[in-house]
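Let's take a friendly walk through a protein model, one question at a time. Have a look at the picture first, then try each question before reading on.

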Amino acid sequence: MNKSYFETRKTEIQSEIDSWKQELRDLEDEYISSNQKFPIGSKVCITTPAHEGWALGTREKITFPERKRYSYVTGYEIYRNEVVPILMKAKKDGTISKIRDYITFERVIVELA
């Protein structure tokens with residue numbers, strides 16, 4: 001094997017890898033666009049229902065009350081093969097914050113505000 005053969009074969013393989021990566025990005029974009037629940041830029045209300053948990057220091061069972069908060073949808077991502085919104089917290093004056101809002105989607109109710 002000489003250097004010129006190696007370089008040509010390497011560029012062929014790299015171009016094929018790049019085309020597969022682009023095809024994967026296109027597939028993910030199509031999946032995200034067809035499974036969006038809320039429009040990007042919309043304000044959503046996140047409701048965490050009342051639930052029981054453990055107190056850290058005393059190991060007692062305590063009941064957490066229902067909690068509501070607001071966030072803005074800034075985009076979507078694929079997490080565990082599911083389309084989930086990227087949420088940014090809402091400030092007290094109602095504007096969008098720079099802090100991301102992380103939630104577990106199994107326990108909360110997300111609805112348009």
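Q: Which residue forms a salt bridge with Asp-101?
A: This is a predicted model, so keep that in mind as you go. To count as a salt bridge, a side-chain nitrogen of Lys or Arg has to lie within 4 Å of a carboxyl oxygen of Asp or Glu. The closest N and O atoms here are 3.2 Å apart, and the partner of Asp-101 is Arg-69.

Q: Where in the chain do Asp-101 and Arg-69 sit?
A: This pair links distant parts of the chain, with 32 residues from one to the other. Arg-69 is in strand 4, while Asp-101 is in the loop between strand 6 and strand 7.

Q: Are Asp-101 and Arg-69 buried or exposed?
A: The word buried is used for a relative accessible area under 20%, and exposed for one over 50%. Asp-101 and Arg-69 both turn out to be buried.

Q: Are Glu-52 and Lys-61 buried or exposed?
A: These two meet through their side chains in a salt bridge, at 3.7 Å from N to O. For their surroundings, the cut-off to remember is over 50% relative accessible area for exposed. Both Glu-52 and Lys-61 are exposed.

Q: Why are Arg-9 and Glu-12 separated by about one helical turn?
A: Their side chains meet in a salt bridge, 3.2 Å from N to O. Arg-9 is partly exposed at 40% relative accessibility, and Glu-12 is partly exposed too, at 42%. The two are separated by about one helical turn because they are three residues apart in helix 1.

Q: How many salt bridges does the structure hold?
A: Side chains of opposite charge can pair when their charged atoms come close. You've already met some examples, including Arg-9 with Glu-12. Over the structure, the number of salt bridges is four.

Q: How many bridges join strand 1 to strand 7?
A: Strand 1 covers residues 43-48, and five of its six residues are buried. It pairs with strand 4 in the antiparallel sense over six bridges, with Lys-43 opposite Tyr-72. With strand 7 it also runs antiparallel, and Ile-46 stands opposite Val-110 there. The number of bridges joining strand 1 to strand 7 is four.

Q: Which residue takes a positive phi in the hairpin of strand 4 and strand 5?
A: Strand 4 (residues 67-79) and strand 5 (residues 82-90) pair in the antiparallel sense over eight bridges. One of the matched pairs is Val-73 with Leu-87 in strand 5. The hairpin has two residues between the strands, and the one with a positive phi near 55 degrees is Arg-80.

Q: Which residue takes a positive phi in the hairpin of strand 5 and strand 6?
A: Strand 5 and strand 6 (residues 96-100) run antiparallel and are joined by two bridges. Ala-90 stands opposite Ile-96 in strand 6. Five residues lie between the strands in this hairpin, and the one with a positive phi near 95 degrees is Gly-94.

Q: Which residues make the nonpolar surface patch of about 410 Å²?
A: Start with Phe-6, which is found in helix 1. It is partly exposed, with a relative accessible area of 44%, and the cut-off for joining a patch is over 30%. The nonpolar patch is made by Met-1, Tyr-5 and Phe-6.

Q: Which residues form the negative surface patch?
A: Asp and Glu count as negative. One member, Glu-23, is found in helix 1 (residues 3-34). The full set is Glu-23, Asp-26, Glu-28, Asp-29 and Glu-30.

Notes
Residues are numbered from 1 along each chain as its sequence is written. This is a predicted model: local features need pLDDT of at least 70, side-chain atom pairs count only at pLDDT 80 or more; totals for chains, interfaces and linings use all residues. Side-chain values use heavy atoms; hydrogens and water are left out. Patches are made of residues with over 30% relative accessible area and no salt bridge: like charges are joined within 9 Å, nonpolar side chains (Val, Leu, Ile, Met, Phe, Trp, Tyr) within 5 Å. Accessible areas come from the Shrake-Rupley method with a 1.4 Å probe; for residues, only the protein chains shown count as cover. The place of a charge is taken as NZ of Lys, CZ of Arg, CG of Asp or CD of Glu. Two strands pair if DSSP finds at least two bridges between them. Buried means under 20% relative accessible area, exposed over 50%, partly exposed in between (1.4 Å probe, protein chains only).
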